[in-house]
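Reader: Can we go through the aromatic contacts in this one? Put the structure up and we can start.

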Amino acid sequence: MGLGRLFGTDGVRGVVNVELDPLFALKLGYAIGTFFGEGSRILIGRDVRIGGLMIMRAVEAGLMSAGVKVYEADLITTPALQHSIRSEGFDGGVMITASHNPPQYNGIKVLSSQGIEISRDQEREIEEIFFTSRFRKVSWSNIPYDIIKMEGLIEKYTNWVISLVDKEAIMRKRFTVVIDSANSTPSLTTPLVARKLGAKVVSINSNLDPFFPSRHPEPSPETLKETANIVANIKADIGIAHDADGDRGIVIDDKGRIHWGDRSAAILAKFLAEKHPELPKKVYTAVSSSILVEEYLKPFGIEVVWTKVGSIDISYLMLSQGGGICGFEENGGFMYPKHLIVRDGTMKLALMLELLAHERRKLSEIMDELPKYYPIKTKIPMKREVALKVVEEIKKIYSNYRMITIDGIKVFGNDFWFLVRPSGTEPILRIMVEAKDESKAKSIVKELTKIAKSVAENLEI
Ligand code: MG
């Protein structure tokens with residue numbers, strides 16, 4: 001039956017008090033509580049965003065009405081909550097966050113007992129409960145009396161992260177690290193981990209501020225210019241910049257160059273494969289990552305498994321195939337299966353420090369090993385139906401090339417690659433192109449844009 005959808009690529013998102021108001025959150029809380037069932041124990045937390053407390057309270061009320069025992073972590077990063085759910089043996093969790101979205105947004109993310117986002121099928125189950133209002137409210141005497149406040153979770157989480165890296169080797173190096181916490185909860189975790197690893201920490205954008213006064217919460221080459229300047233000017237060994245809930249970490253090298261997540265993940269994958277020869281020689285990444293990953297890792301016998309765009313798809317594919325070295329996204333998400341099969345920007349920094357401790361070179365020198373590509377990202381506004389037709393047309397035109405069609409179309413050339421896909425959340429067609437030289441990249445963008453426009457025009461006639 002034609003039920004509506006609540007969950008997007010990564011949880012439920014909306015503008016606070018517009019789509020995402022307390023009444024909606026309460027209803028979703030009922031549905032989540034009904035899904036987990038009476039007597040289950042759920043850990044809930046939030047990032048710094050406006051409305052976080054209000055939405056959390058509403059979700060908590062819904063959960064309690066369904067007889068769920070609510071444990072509150074309150075202000076925390078998504079990965080620290082995910083780790084705590086698993087390590088403390090909860091039945092699941094809820095994180096109130098809109099990740100990297102603009103300040104007016106907030107969201108609700110549902111997590112399994114393993115700390116991983118619930119599967120796409122489980123999302124459908126909750127949506128069905130929500131839209132058919134099949135809420136199971138318990139009788140009055142079974143409503144939990146209280147909410148239990150959890151203390152010390154961040155301390156335990158940071159100790160766990162440190163236990164997964166070579167602490168002594170890192171301590172000896174006394175690294176200087178710039179940490180940009182996006183004015184949100186990563187400032188509660190990452191600087192602590194870096195300090196415990198003996199680093200001199202320069203913490204910026206670390207005051208909790210839901211208006212994100214310093215920069216947009218999405219870390220990217222555009223939003224991190226100032227942060228990158230600081231890294232270069234104070235001669236830091238490395239910089240890391242998070243999104244608002246701390247699952248992303250964008251790496252900045254000692255020269256102040258900002259590297260997309262697929263680049264830093266490629267060098268981490270090589271390092272982790274050497275450190276853990278027992279791990280299956282596979283990395284998992286979405287089709288939106290560069291083919292430089294394949295080019296760089298192939299000589300080391302590491303296979304790249306391409307997935308749909310969306311970290312949940314990466315997590316579940318890794319789970320079903322028994323892990324691998326790591327999973328990652330070009331946006332800075334990095335999954336280390338010995339930790340959690342979910343993204344964690346704090347863990348990523350700890351691993352980067354371990355890599356640097358074992359190398360005798362600067363980060364900029366290591367990064368220079370990577371194949372060089374000239375990237376262009378663009379988008380064309382169009383309806384999803386039209387965008388899908390464009391993808392079909394490109395499939396025909398490039399039929400002689402190696403391609404992947406699990407999410408839009410990714411085409412592999414000798415000296416270029418591109419990805420054309422309809423956005424999962426907006427009426428736009430996304431185009432990503434990388435080529436060995438700038439003019440080639442530009443000419444491909446031009447050709448793809450021409451194809452897209454002609455398909456759109458023909459459909460309108
Ligand atoms: Mg995030």
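Author: What follows is about ring pairs and charges over rings in this predicted model.

Reader: How many aromatic pairs does the structure hold?

Author: There are 11 aromatic pairs. In one of them, F130 and F131 have ring centres 5.1 Å apart and planes at 75 degrees, so that pair is edge-to-face.

Reader: F130, buried or exposed?

Author: F130 has 5% relative accessibility, so it counts as buried. F131 is at 35% and counts as partly exposed.

Reader: What about W306 and F412, how are their planes set?

Author: Their planes are at 65 degrees with the centres 5.9 Å apart; since edge-to-face begins over 60 degrees, the W306 and F412 pair is edge-to-face. The pair links distant parts of the chain, 106 residues apart. W306 lies in strand β13 (residues 303-307), and F412 lies in strand β19 (residues 409-412).

Reader: And the accessibility of W306?

Author: W306 has a relative accessible area of 9%, so it is buried. F412, at 8% relative accessibility, counts as buried.

Reader: Different topic. Which charged end sits over the ring of W306?

Author: That of K410, 3.9 Å from the ring centre.

Reader: And over the ring of W260?

Author: The charged end of K377 sits there, 3.8 Å from the centre of the W260 ring.

Reader: Back to rings. Which residues do ring pairs link into a cluster?

Author: Y398, Y401, F416 and F418 are linked that way.

Definitions and conventions: Residues are numbered from 1 along each chain as its sequence is written. This is a predicted model: local features need pLDDT of at least 70, side-chain atom pairs count only at pLDDT 80 or more; totals for chains, interfaces and linings use all residues. Side-chain values use heavy atoms; hydrogens and water are left out. Rings of Phe, Tyr and Trp (its six-membered ring) pair if their centres lie within 6.5 Å; planes under 30 degrees apart count as stacked, over 60 as edge-to-face and the rest as tilted. Buried means under 20% relative accessible area, exposed over 50%, partly exposed in between (1.4 Å probe, protein chains only). Helices (H or I, at least four residues) and strands (E, at least two) are DSSP runs, numbered from the N terminus. A charge sits over a ring if NZ of Lys or CZ of Arg is within 6 Å of the ring centre and within 35 degrees of the ring normal.
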